[in-house]
Amino acid sequence: SHREDTHGGDGDPGERGDPGAAFSAALRELERSPPGRGGRLALVEAALAALPALGAERSLAAYNALLRLLPRGAWVPRGAVQRLLFPFPRQQECGLRLLECMERHGVMPDAETRFLLLGVFGPRSRPLRKLQRMQFWLPRLRHLDPHPLPPRLPPGLAAARLGLQRIAAEPGATVTL
């Protein structure tokens, strides 16, 4: 509730119109605060769930800001035995969920995302391997569909019309009610 009070009380009129800007401002404020005893992982999971509601689900900067909230080096395995035993499973699953959300919304990770994942999870972690697969496959599969749907489907009958046009045998077919 404290985060909601500080988030809503900024009074900056420019941030009220753009939810992505308000989300970025809140994350910048959290980056400045000391990490404390924990809670960063739960904070990242909650922010990840709130991304679609805030309209920032297609923003690479929002995902990188979430990765910047996680502590550096705390979840990197320290020895060969620890690397073999799948260390820090909850933390790695959070990183995987973040990358899956990026993949679902078509956001291509960049070099900064790779650098952040290396610092948080280490070079042989599951999130970093997922990132490498995404960097390999996403550019190859981006233009696979010759008749792609728009990123946001229109409501109601317009969405049904789009679906029927895709099913039609001819690309130029018209759909009437």
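Colleague: Before we look at this predicted model, what counts as a salt bridge, and how many are there by this rule?

Modeller: A salt bridge is a side-chain nitrogen of Lys or Arg within 4 Å of a carboxyl oxygen of Asp or Glu. When this rule is applied to the predicted model, the count of salt bridges comes to five.

Colleague: How far apart are the closest N and O atoms of Arg97 and Glu45, and which parts of the chain does the pair tie together?

Modeller: Arg97 forms a salt bridge with Glu45, and their closest N and O atoms are 2.7 Å apart. Since Arg97 lies in helix α7 and Glu45 in helix α4, the pair ties together parts that are 52 residues apart in sequence. The parts tied together are therefore helix α7 and helix α4.

Colleague: Which residues are linked with Glu45 in a network of salt bridges?

Modeller: Glu45 itself counts as partly exposed, at 21% relative accessibility, and Arg97 counts as partly exposed as well, at 37%. The network of salt bridges joins Glu45 with Arg90 and Arg97.

Colleague: Which residue of helix α7 forms a salt bridge with Arg126?

Modeller: Arg126, in helix α9, is part of a pair that links distant parts of the chain, with the two positions 33 residues apart in sequence and the partner in helix α7. Arg126 is partly exposed, with a relative accessible area of 33%, and the partner is partly exposed too, with 31%. The closest N and O atoms of the pair are 3.2 Å apart, and the partner is Glu93.

Colleague: Is Lys130, which forms a salt bridge with Glu103, buried or exposed?

Modeller: In the salt bridge between Lys130 and Glu103, the closest N and O atoms are 2.7 Å apart. Lys130 lies in helix α9 and Glu103 in helix α7, so this pair ties together parts that are 27 residues apart in sequence. Glu103 counts as partly exposed, at 35% relative accessibility. For Lys130 the relative accessibility is 17%, and because buried means under 20%, Lys130 counts as buried.

Colleague: What span should helix α7 have, given its 16 residues?

Modeller: Helix α7 covers residues 89-104, and its end C-alpha atoms are 22 Å apart. That distance agrees with what 1.5 Å a residue leads us to expect, because the expected span uses one less than the number of residues, and for helix α7 this gives 22 Å.

Colleague: Which helices do the buried residues of α7 pack against?

Modeller: The buried residues of α7 include Gln91, Gln92, Cys94, Gly95 and Leu96, and Leu98, Leu99, Cys101 and Met102 are buried in α7 too. These buried residues pack against α4 (40-54), α5 (60-69), α8 (111-121) and α9.

Colleague: Where is the kink in α9 centred?

Modeller: Helix α9 has 16 residues and reaches 22 Å from its first C-alpha to its last, close to the 22 Å expected at 1.5 Å a residue. Its buried residues are Pro127, Leu128, Lys130, Leu131, Met134 and Leu138, and what covers them includes α7 and α8. There is nevertheless a kink of about 25° in α9, and it is centred on Met134.

Colleague: Which residues make the nonpolar surface patch of about 440 Å²?

Modeller: One residue of the patch is Trp137, which is found in helix α9 (residues 126-141). At 46% relative accessibility, Trp137 counts as partly exposed. The residues that make the patch are Phe136, Trp137, Leu141 and Leu144.

Colleague: How far apart in space are Leu41 and Leu70, C-alpha to C-alpha?

Modeller: Leu41 is found in helix α4 and counts as buried, at 7% relative accessibility. Not counting residues up to four places away in sequence, Leu41 touches Leu70, Trp75, Arg90, Gln91 and Cys94. Although Leu41 and Leu70 are 29 residues apart in sequence, their distance in space is 6.9 Å.

Colleague: What is the relative accessible area of Glu57, and is this residue buried or exposed?

Modeller: The place of Glu57 is in the loop between α4 and α5. Glu57 touches Leu51, Pro52, Tyr63, His105, Val107 and Arg152, not counting residues up to four places away in sequence. Glu57 is buried, and its relative accessible area is 4%.

Notes
Residues numbered from 1 in each chain as written. Predicted model: local features only at pLDDT ≥ 70, side-chain atom pairs only at ≥ 80, totals over all residues. Heavy atoms only, no water. Patch = residues over 30% accessible without salt bridge, like charges linked within 9 Å, V, L, I, M, F, W, Y side chains within 5 Å. Areas by Shrake-Rupley, 256 points an atom, 1.4 Å probe, with all protein chains shown as cover. Helix = DSSP H or I, 4+ residues; strand = E, 2+ residues; numbered from the N terminus. Buried < 20%, exposed > 50% of the residue type's maximum accessible area, 1.4 Å probe, protein only. Contact = heavy atoms within 4.5 Å. Bend = angle between axes of the 7 residues up to and from the residue.
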